[in-house]
Amino acid sequence: QVQVVESGGGLVQAGGSLRLSCAASGSIYVISPMGWYRQGPGNQRELVAAITSGGITTYADSVKGRFTISRVNGKNTVYLQMNSLKPEDTAVYYCNVDSSRSRYWGQGTQVTVSS
């Protein structure tokens, strides 16, 4: 049994900040790469940020300098600090765990940025 749970979404004005959290639990016994994806209405799901088991990060060009992904050392728990939010950041944000055997997804958390 694997559970992936996100939290921290909400409604924010343009220029504001939100911090998303994701924790994976259950039958994952290794520290795995994790990432945040997002999907807006009518759009494909896209990678926002990812972090390896060793803490190496990557970001989509659209969020570089504004978003920061981090993880708890030795845990499958990650955060996404989102600053200087723009209306185009509005989407459902999904947490992903890329284990050696399978990819696990959370149910998503809605982020809405108003102008």
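**Chat on Y37, W105 and strand β4**

Me: How buried or exposed is W105?

Reply: W105 has a relative accessibility of 32%, so it counts as partly exposed. Please note that this is a predicted model.

Me: How many aromatic pairs turn up in the whole structure?

Reply: The search of the whole structure finds one. It consists of Y37 and W105, whose ring centres are 4.9 Å apart. Their planes stand at 65°, and because an angle over 60 degrees counts as edge-to-face, the pair is put in that class.

Me: Where in the chain do the two partners lie?

Reply: Y37 belongs to strand β4 (residues 34-39) and W105 to strand β10 (residues 103-105). With their positions 68 residues apart in sequence, the pair links distant parts of the chain.

Me: And Y37, is that buried or exposed?

Reply: Y37 is at 14% relative accessibility, which means that it counts as buried, the limit being under 20%.

Me: Which ring has the charged end of R45 over it?

Reply: The charged end of R45 is placed over the ring of W105, 4.7 Å from the ring centre. R45 also lies over the face of Y94, at 3.7 Å from the centre of that ring.

Me: Back to β4. Why is it described as largely enclosed?

Reply: Five of its six residues are buried, and therefore the rest of the structure largely encloses β4.

Me: What does β4 pair with, and in which sense?

Reply: β4 pairs with strand β5 (residues 46-51) in the antiparallel sense, over five bridges. β4 also runs antiparallel to β9, to which six bridges join it. W36 has a bridge partner in each of these strands: A49 in β5 and C95 in β9.

Me: What sits between β4 and β5?

Reply: The two strands form a hairpin with six residues between them. In the turn, G42 has a positive phi of about 75°.

Me: Different topic: T77. Where is it, and what is it in contact with?

Reply: T77 is in strand β8 (residues 77-82). Its relative accessible area is 18%, so T77 is buried. Apart from neighbours within four places in sequence, T77 contacts C22, A23, M34, S70, R71 and V72.

Me: Last one: where is E88, and is it buried or exposed?

Reply: E88 is located in the loop between β8 and β9 (91-98). At 56% relative accessibility, E88 counts as exposed. The C-alpha atoms of E88 and S115 are 9.7 Å from each other, although these residues are 27 residues apart along the chain.

Notes: Residues are numbered from 1 along each chain as its sequence is written. This is a predicted model: local features need pLDDT of at least 70, side-chain atom pairs count only at pLDDT 80 or more; totals for chains, interfaces and linings use all residues. Side-chain values use heavy atoms; hydrogens and water are left out. Rings of Phe, Tyr and Trp (its six-membered ring) pair if their centres lie within 6.5 Å; planes under 30 degrees apart count as stacked, over 60 as edge-to-face and the rest as tilted. Helices (H or I, at least four residues) and strands (E, at least two) are DSSP runs, numbered from the N terminus. Buried means under 20% relative accessible area, exposed over 50%, partly exposed in between (1.4 Å probe, protein chains only). A charge sits over a ring if NZ of Lys or CZ of Arg is within 6 Å of the ring centre and within 35 degrees of the ring normal. Contact means heavy atoms within 4.5 Å. Two strands pair if DSSP finds at least two bridges between them.
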